[in-house]
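Hi,

Here is the structure we talked about passing on. Have a look, and my notes are underneath.

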Amino acid sequence: GHNNNFQFVELEEAIVSLGKDLPPALVQHSLRLCEKCLNIIASAREEAKLRNADHTVEDNYRKLMEAKERCDKLISSYTKMHKSICAGKVRYSLDEGNSKRVELIKQFKIVDTLSERVAVARELLCLGKY
């Protein structure tokens, strides 16, 4: 049964924690909850965080794979340009080569950022802190 250990929680926090939409008329009300109900809300909040974290890891991983694929294509293109320019051929200009190099560096930075995000999120998930 319920005990007498009550805490006040903002109604908005309680409803949002359970994944429900809050009716605007209730925004400024408080709700008195027993410890058991408070624990249920806390558990629901943790589950929501984990669901969102999994989704975030998946999204970032997908974006990471897409960025790596773009890098592979850019490397191939850049290598052809580089070899052609170094051989003295006029198929590509130095500006085109430089532009491709800058684009490649940007993609490398994106890969680095996304891989860091995935690594941190995975670590937090493994530790149960996400």
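Below is what turned up, starting with how to read it.

This is a predicted model, where local features need pLDDT of at least 70, side-chain atom pairs count only at pLDDT 80 or more, and totals for chains, interfaces and linings use all residues. Residues are numbered from 1 along each chain as its sequence is written, and side-chain values use heavy atoms, with hydrogens and water left out.

First, the core. The largest nonpolar core (buried Ala, Val, Leu, Ile, Met, Phe, Trp, Tyr and Cys residues joined through side-chain atoms within 4.5 Å) is made of Leu64, Ala67, Cys71, Val111 and Leu114. Helices H2 (35-86) and H3 (94-127) each give two or more residues to this core, and H2 has the largest share, with three. Helices here are DSSP runs of H or I, at least four residues, numbered from the N terminus.

Next, the cysteines. Cys71 is buried because its relative accessibility is 4%, while Cys86 is exposed at 58% (buried is under 20% relative accessible area, exposed over 50%, partly exposed in between, with a 1.4 Å probe and protein chains only). Cys86's label comes from that 58%. With a disulfide taken as two cysteine sulfur atoms within 2.5 Å, the count is zero.

Beyond neighbours within four places in sequence, Cys71 is in contact (heavy atoms within 4.5 Å) with Leu104, Gln107, Phe108 and Val111.

Asn60 sits in H2 too, and is buried at 9% relative accessible area. Setting aside residues up to four places away in sequence, Asn60 touches Leu114, Arg117 and Val118.

Cheers
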